[in-house]
Amino acid sequence: MKPAPFSYERPRDIASALSVMTGADGMVKIIAGGQSLGPMLNLRLVAPDTILDITAITELKRADVSGGELTLGACVTHADVEDGRVPDVTRGAMQRVAANIAYRAVRNRGTIGGSLSHADPSADWVSSLTALGASLSLRSVTGTRRVAMKDFILGALESVIASGEMLEAVHVPVMSGTARWGYVKSCRKTGEFAHAIGAVLIDPDAGKARVVIGAVEAAPIVVDDASELFGGKIDSSFASRFDSRIADRLLADSGMADAADRHIHVAVLHKAVAEAA
Ligand SMILES: Cc1cc2nc3c(=O)[nH]c(=O)nc-3n(C[C@H](O)[C@H](O)[C@H](O)COP(=O)(O)OP(=O)(O)OC[C@H]3O[C@@H](n4cnc5c(N)ncnc54)[C@H](O)[C@@H]3O)c2cc1C
């Protein structure tokens with residue numbers, strides 16, 4: 001099938017894009033890499049009156065480090081991260097996540113902002129950036145607001161982005177030199193969306209850990225104070241003290257009734273913890 005007819009705008013700056021979003025008649029839909037929106041248009045699951053292409057906006061391709069964080073414009077592609085065209089503040093963690101998203105053709109076009117805005121619970125950036133403690137700038141004609149990644153996803157394909165707002169930038173804290181990172185996903189075949197994701201950022205020196213269980217068909221499960229998962233304290237022996245029963249209980253409490261599904265998620269999380277160690 002082909003998309004229903006639409007008009008097409010490709011502004012050069014954010015202010016012009018926002019005025020299209022507020023001024024155009026009918027439904028306006030942003031397109032970035034088109035990797036999710038393209039199929040949805042072709043299947044006529046969505047039929048906007050205007051397509052707003054944001055890929056000519058230079059500000060949305062920025063990648064700079066200041067004040068202890070990396071800021072990436074929404075239109076930075078997965079391949080930009082994979083190829084090291086953006087500063088590495090996570091000691092290779094983001095590069096490894098990017099390199100394992102889908103296939104190279106998808107990574108060439110797919111953007112970090114498009115992936116987050118699409119809010120697929122199985123998307124790699126959703127879980128990994130939550131574990132990395134990232135936050136997002138959402139921009140509208142009335143200004144910009146910052147939202148922590150852990151508060152961004154409301155459910156499957158649902159985020160806090162309001163009507164008239166666009167995701168402008170992603171902010172990733174510089175990873176501490178003592179932090180350990182683990183990211184594991186389970187896919188039936190390479191390039192497929194994950195069925196289970198475990199993402200952990202553990203700093204044994206600081207006694208802290210953030211644990212994310214992703215691809216759970218809703219917002220990821222985020223444990224900001226994860227000491228309970230490690231027998232009450234986080235130190236250099238965290239891997240041997242990982243408690244699978246607590247992880248299983250977290251999943252059961254979140255509504256995952258199938259014990260086999262929970263087992264897969266717990267096993268994937270356990271592997272992520274082992275990777276961090
Ligand atoms: C075959 C295939 C396999 C894939 N496998 C994986 C995988 O393994 N892991 C994974 O994480 N992803 C996977 N993806 C998704 C891919 O990585 C893209 O990132 C994702 O499709 C969306 O990014 P995009 O830039 O193409 O967004 P688009 O398709 O252009 O847009 C997606 C949605 O976000 C909105 N949007 C886009 N940018 C903004 C913005 N700045 N502000 C507000 N709203 C915005 C659009 O309106 C649309 O609703 C796969 C995709 C394909 C086609």
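**Entry 1: a loop in the predicted model**

I started with A156, which sits in the loop between β8 and β9 (158–159). Before going further I noted that this is a predicted model. Is A156 buried or exposed? I got neither extreme: A156 has 13 other C-beta atoms within 10 Å, so it is partly exposed. Next I looked for what it touches. Not counting residues up to four places away in sequence, I found P121, E217 and A218. I also checked A156 against V216, which is 60 residues apart from it along the chain. Their C-alpha atoms are separated by 9.2 Å.

L157 is in the loop between β8 and β9 too. I looked up its phi and got a positive value of about 60 degrees, although L157 is not a glycine. L157 has 12 C-beta neighbours inside 10 Å, and residues with 12 or fewer count as exposed, so I wrote L157 down as exposed.

**Entry 2: another positive phi**

A119 turned up with a positive phi of about 60 degrees, and A119 is not a glycine. Where is A119 found? I traced it to the loop between α6 and α7. I counted 19 C-beta neighbours inside 10 Å, and because buried needs 20 or more, A119 counts as partly exposed.

**Entry 3: the domains**

I then stepped back to the whole protein chain. It is divided into domain 1 (7–53), domain 2 (61–173) and domain 3 (180–276). The centres of domain 2 and domain 3, taken over C-alpha atoms, are separated by 21 Å. How many residues does each of these two give to the contact? I have 21 residues from domain 2 and 20 residues from domain 3. On the side of domain 2 that touches domain 3, α4 (93–99), α7 and β8 (153–155) each supply at least two residues. It is α7 that gives the most to that side, with six residues. Sorted by class, that side of domain 2 has 11 nonpolar, six polar and four charged residues.

**Entry 4: around the ligand**

Why does the ligand lie between domain 1 and domain 2? Both domains give residues to the shell around it, so that is where I placed it. There are 30 residues around the ligand, and G33, Q35, A102, G110 and G114 come nearest. I listed the elements that each supply at least two residues of the shell: β2 (28–31), α5 (104–109), α6 (112–118), α7 (124–131) and β10 (166–173). Which of them gives the most? That's α6, with five residues. By class, I noted 15 nonpolar, 12 polar and three charged residues in the shell.

I see that α7 is on two of my lists now: it supplies residues to the ligand shell, and it also supplies residues to the side of domain 2 that touches domain 3.

**Entry 5: helix α1 and its surroundings**

In α1 (residues 14–23), I found that the buried residues are A17, L18 and M21. Seen down the axis of the helix, they fall within an arc of 95 degrees, so they line one face of α1. A reminder for me: an α-helix has 3.6 residues a turn, so residues three or four places apart point the same way. On the other side of α1, A15 and G23 are exposed. I also asked what covers the buried residues of α1, and the list includes β2, β3 (50–53), β6 and β10.

From L18 I went on to V141, since the two are in contact. V141 lies in the loop between β6 (135–140) and β7 (143–148). It has 12 other C-beta atoms within 10 Å, so I marked V141 as exposed. Leaving aside neighbours within four places in sequence, V141 also contacts T22 and G164. The C-alpha atoms of V141 and E168 are separated by 12 Å, and these two are 27 residues apart along the chain.

G164 is found in the loop between β9 and β10. With 13 other C-beta atoms within 10 Å, G164 is partly exposed. Among its contacts beyond four places in sequence are M21, T22 and S140. I checked G164 against G177 as well: they are 13 residues apart along the chain, and their C-alpha atoms are separated by 39 Å.

**Entry 6: the core**

Last, I looked at the largest nonpolar core, which has 81 residues. Which members touch the most others? I got V200 and A272. Beyond four places in sequence, A272 is in contact with G182, Y183, V184, G198, A199 and V200, so the two names I had just written down touch each other.

Definitions and conventions: Residues numbered from 1 in each chain as written. Predicted model: local features only at pLDDT ≥ 70, side-chain atom pairs only at ≥ 80, totals over all residues. Core = buried A, V, L, I, M, F, W, Y, C linked by C-beta atoms within 7 Å. Contact = placed C-beta atoms within 7 Å. Near = placed C-beta within 6 Å. Helix = DSSP H or I, 4+ residues; strand = E, 2+ residues; numbered from the N terminus. Nonpolar A, V, L, I, M, F, W, Y, C, P; charged D, E, K, R; others polar. Domains from an automatic or database assignment. Arc of directions from axis to C-beta.
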